[in-house]
Amino acid sequence: MNTSAPLLRVENLQFRWPSGQRDVMDLPELAILKGERVFIKGESGSGKTTLLSLLGGINLPNSGLINILGT
């Protein structure tokens with residue numbers, strides 16, 4: 001694996017709950033490099049848990065790319 005490539009890369013990630021009328025997640029870009037530490041902060045309902053469930057594969061995005069360790 002290329003050590004300069006991000007460990008996590010997200011592009012144009014969008015997610016909407018099946019009953020929802022609008023996207024609850026609209027993340028144009030996120031990259032986390034090896035050795036970086038990330039703190040996810042936001043108000044209740046801002047999408048922190050939704051983002052983690054998308055990254056973990058619990059939920060699937062409506063569109064966009066999630067790349068973790070080159071996969």
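**Close-up views of a predicted model**

**View A. A nonpolar surface patch formed by Val38, Ile40 and Leu52.** In this predicted model, the side chains of Val38, Ile40 and Leu52 make a nonpolar patch of about 260 Å² on the surface. Of these residues, Ile40 lies in the loop that runs between strand 2 and helix 1, and Ile40 is classed as partly exposed because its relative accessibility is 37%, which falls between the limits of 20% for buried and 50% for exposed.

**View B. The buried side of helix 1.** Within helix 1, which spans residues 48-55, the residues Thr50, Leu51, Ser53 and Leu54 are buried. These residues lie on the same side of helix 1, because the arc that they cover around the axis is only 165 degrees. The buried residues of helix 1 pack against strand 1 (8-15), strand 2 (25-32) and strand 3 (63-68).

**View C. The residue Gly57 after helix 1.** Helix 1 is followed by Gly57, and the phi angle of Gly57 is positive, with a value near 85 degrees.

**View D. The aromatic pair of Phe15 and Trp17.** One aromatic pair is found when the whole structure is searched. The ring centres of Phe15 and Trp17 are 4.7 Å apart and the ring planes stand at 85 degrees, so the pair is edge-to-face, a class that requires an angle over 60 degrees. As for the accessibility of the two partners, Phe15 is buried, with a relative accessibility of 4%, whereas Trp17 is partly exposed, its relative accessible area being 39%.

Key. Residues numbered from 1 in each chain as written. Predicted model: local features only at pLDDT ≥ 70, side-chain atom pairs only at ≥ 80, totals over all residues. Heavy atoms only, no water. Buried < 20%, exposed > 50% of the residue type's maximum accessible area, 1.4 Å probe, protein only. Helix = DSSP H or I, 4+ residues; strand = E, 2+ residues; numbered from the N terminus. Arc of directions from axis to C-beta. Contact = heavy atoms within 4.5 Å. Patch = residues over 30% accessible without salt bridge, like charges linked within 9 Å, V, L, I, M, F, W, Y side chains within 5 Å. Areas by Shrake-Rupley, 256 points an atom, 1.4 Å probe, with all protein chains shown as cover. Salt bridge = Lys/Arg side-chain N within 4 Å of Asp/Glu carboxyl O. Phe/Tyr/Trp six-rings, centres within 6.5 Å; stacked < 30°, edge-to-face > 60°.
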